[in-house]
Amino acid sequence: MGGKRILMVVGDFAEDYETMVPFQALKMVGHHVDAVCPGKNAGQTIRTAIHDFEGDQTYTEKPGHNFALTADFAAIDPASYDALLIPGGRAPEYLRLDEKVLAIVRHFANAKKPIAAVCHGPQLLAAAGVLTGKKVSAYPACAPEVALAGGQYAEIAIDAAVTDGNLVTAPAWPAHPAWLAQFLAVLGTKIVHS
């Protein structure tokens, strides 16, 4: 049986690691991943940003890579995908203003399909109104949004993740091993070592 079809919604200044690493890792284990951005088509790029934790009161930001999109945003049908992935960075703060993006998030939540969100990604979940009663991690500055949207903010280590039903969330990219492992479990992906 083939891998799952995963939709990744991104935008300019999505966090570099939170975009590149899951895109490549999910493809590596056999899943099909389509990366889309409102107003852009397959082959166009978004600019990413590298967020790091260097002892300041918040993260620092440096230019990241250009990341190539793999599908046309206007042509996607969320019903043809098995799961949704939402990277963090600054992109979610403006993607949450796009009603089509919010409709996509609601589709996955209402259908109880797997959703993985990291860092500022839960801003999209909050704006879509799908966090009621859910235990959710996010970048700590997003905790008020999680609570205001009816979710329970999970204050966990920066390298940890939390799963609540079909939803897998984490505070930032240092959680990739835990976040991706939990997302793979929700997807039903089995990795066998021999």
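These are my notebook entries on one helix, two groups of strands and the aromatic pairs of this structure.

**Entry 1: the model**

I noted before anything else that I am working with a predicted model, and I kept that in mind for each entry below.

**Entry 2: helix α6**

I began with helix α6, which runs over residues 176-187 and so has 12 residues. From its first C-alpha to its last α6 reaches 16 Å, which is close to the 16 Å expected at 1.5 Å a residue. I then looked up which residues of α6 are buried, and found H176, W179, L180, F183, L184 and L187. These buried residues cover an arc of only 130 degrees around the axis, which puts them on the same side of α6. On the other side of the helix I found P177 and A185, which are exposed.

Next I asked what the buried residues of α6 pack against. Their partners are the strands β1 (5-9), β6 (83-86), β7 (115-118) and β11 (167-170), together with the helix α1 (16-28). Just after α6 I also noted G188, which takes a positive phi of about 85 degrees.

**Entry 3: strand β6 and its neighbours**

Since β6 is among the elements that α6 packs against, I followed this strand further. A83 and L85 point one way from β6, whereas L84 and I86 point the other way, and all of them are buried. I looked up the pairing on β6 and found that it runs parallel to β1, joined by 3 bridges, with M8 standing opposite L85. Strand β7 is likewise parallel to β6 and joined to it by 3 bridges, and here the bridge partner of L84 is I115 in β7.

**Entry 4: the sheet β2-β4-β5**

I turned to an open sheet of 3 strands, whose order is β2-β4-β5 and whose pairing is mixed. Strands β2 (14-15) and β5 (60-68) stand at the edges, and because each has a single partner strand, one side of each is left without a neighbour in the sheet. Strand β4, residues 45-52, pairs with β5 in the antiparallel sense over 7 bridges, and I noted A49 with its bridge partner P63 in β5 as one place to view this pairing. Helix α1 packs on this sheet, where it touches β2, β4 and β5, and the direction of α1 makes about 35 degrees with that of β5.

**Entry 5: aromatic pairs**

How many aromatic pairs are there? I found a count of 2.

One is formed by Y17 and W173, which are edge-to-face, with 4.8 Å centre to centre and 75 degrees between the planes. Y17 lies in helix α1 and W173 in the loop between β11 and α6, so the pair ties together parts that are 156 residues apart in sequence. I checked the exposure of both residues: Y17 is partly exposed, with a relative accessible area of 30%, and W173 is partly exposed as well, at 23%.

F23 and F67 also form an edge-to-face pair, at 5.2 Å centre to centre and with 90 degrees between the planes. This pair links distant parts of the chain, since F23 is in helix α1 and F67 in strand β5, 44 residues apart. Both F23 and F67 are buried.

**Entry 6: what I take from α1**

Looking back, I found α1 in several entries: the buried residues of α6 pack against α1, α1 packs on the sheet with β2, β4 and β5, and α1 holds both Y17 and F23.

Technical notes
Residues numbered from 1 in each chain as written. Predicted model: local features only at pLDDT ≥ 70, side-chain atom pairs only at ≥ 80, totals over all residues. Heavy atoms only, no water. Helix = DSSP H or I, 4+ residues; strand = E, 2+ residues; numbered from the N terminus. Expected span 1.5 Å × (residues − 1). Buried < 20%, exposed > 50% of the residue type's maximum accessible area, 1.4 Å probe, protein only. Arc of directions from axis to C-beta. Contact = heavy atoms within 4.5 Å. Pairing = 2+ DSSP bridges. Axes fitted to C-alpha atoms, helices over the stretch in contact; angles between N-to-C directions. Phe/Tyr/Trp six-rings, centres within 6.5 Å; stacked < 30°, edge-to-face > 60°.
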